[in-house]
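Here's a quick briefing to read with the picture open. Take a look at the structure first, then work through the points below.

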Amino acid sequence: MNYKEAYENSLQMIKINNIKELKEYIELIKIEKLLSIPTMEYISGKKMKRLLKEG
């Protein structure tokens with residue numbers, strides 16, 4: 001799996017699980033092995049809070 005696929009998978013999991021808080025995403029990272037917050041911010045060029053709001 002490349003970074004693009006991992007990024008898209010992470011965004012999809014945010015939408016599916018209706019994640020709205022950083023704490024919720026951190027817990028989901030442990031369960032689903034998603035990209036870390038700094039990696040998500042780097043790839044998207046956005047802050048994680050904004051990504052969660054968009055999700």
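What follows is a short tour, topic by topic.

Keep in mind that this is a predicted model. The tour covers how two helices pack, a nonpolar patch on the surface, two salt bridges and a pair of loop residues, N18 and K33.

**How two helices pack**

- Two packed helices are described by the angle between their axes and by how far apart those axes are.
- Here, helix α1 (residues 3–16) packs with α3 at an angle of about 110°, and their axes are 11 Å apart. That angle makes α1 roughly perpendicular to α3, since anything from 65 to 115 degrees counts that way.
- The way α1 and α3 cross is left-handed.
- For a residue pair to find on screen, try T39 and Y7: they sit 32 residues apart in sequence, yet their C-alpha atoms are 8.7 Å apart in space.
- T39 belongs to helix α3, and it's partly exposed because its relative accessibility is 24%.

**A nonpolar patch on the surface**

- Three residues, Y3, Y42 and I43, make up a nonpolar patch on the surface, and together they have about 410 Å² of accessible area.
- Y42 is found in helix α3, which covers residues 37–44.
- Is Y42 buried or exposed? It counts as exposed, because its relative accessibility is 72% and the cut-off for that is over 50%.

**Salt bridges**

- Side chains with opposite charges can pair when their charged atoms come close.
- You'll find two salt bridges in this structure.
- One joins the side chains of K30 and E27, at 3.4 Å from N to O.
- Both K30 and E27 are in helix α2, three residues apart, which is about one turn of the helix.
- K30 is exposed, at 59% relative accessible area, while E27 is partly exposed, at 44%.
- K46 and E54 form a salt bridge too, and their closest N and O atoms are 3.0 Å apart.
- K46 is partly exposed, with 34% relative accessible area, and E54 also counts as partly exposed, at 45%.

**Loop residues with positive phi**

- N18 has a phi near 50°, which is a positive value in a residue other than glycine. Look for N18 in the loop between α1 and α2 (22–32).
- K33 also isn't a glycine and has a positive phi, near 55°. Its spot is in the loop between α2 and α3.
- Why does K33 count as exposed? Because its relative accessible area is 73%.

Technical notes:
Residues are numbered from 1 along each chain as its sequence is written. This is a predicted model: local features need pLDDT of at least 70, side-chain atom pairs count only at pLDDT 80 or more; totals for chains, interfaces and linings use all residues. Side-chain values use heavy atoms; hydrogens and water are left out. Patches are made of residues with over 30% relative accessible area and no salt bridge: like charges are joined within 9 Å, nonpolar side chains (Val, Leu, Ile, Met, Phe, Trp, Tyr) within 5 Å. Accessible areas come from the Shrake-Rupley method with a 1.4 Å probe; for residues, only the protein chains shown count as cover. A salt bridge is a side-chain nitrogen of Lys or Arg within 4 Å of a carboxyl oxygen of Asp or Glu. Helices (H or I, at least four residues) and strands (E, at least two) are DSSP runs, numbered from the N terminus. Buried means under 20% relative accessible area, exposed over 50%, partly exposed in between (1.4 Å probe, protein chains only). Axes are lines fitted to C-alpha atoms, for helices over the stretch in contact, and angles run from 0 to 180 degrees between N-to-C directions. Angles under 35 degrees count as roughly parallel, over 145 as roughly antiparallel, 65 to 115 as roughly perpendicular and the rest as oblique. A crossing is left-handed if the near helix is turned anticlockwise from the far one by less than a right angle, and right-handed if clockwise.
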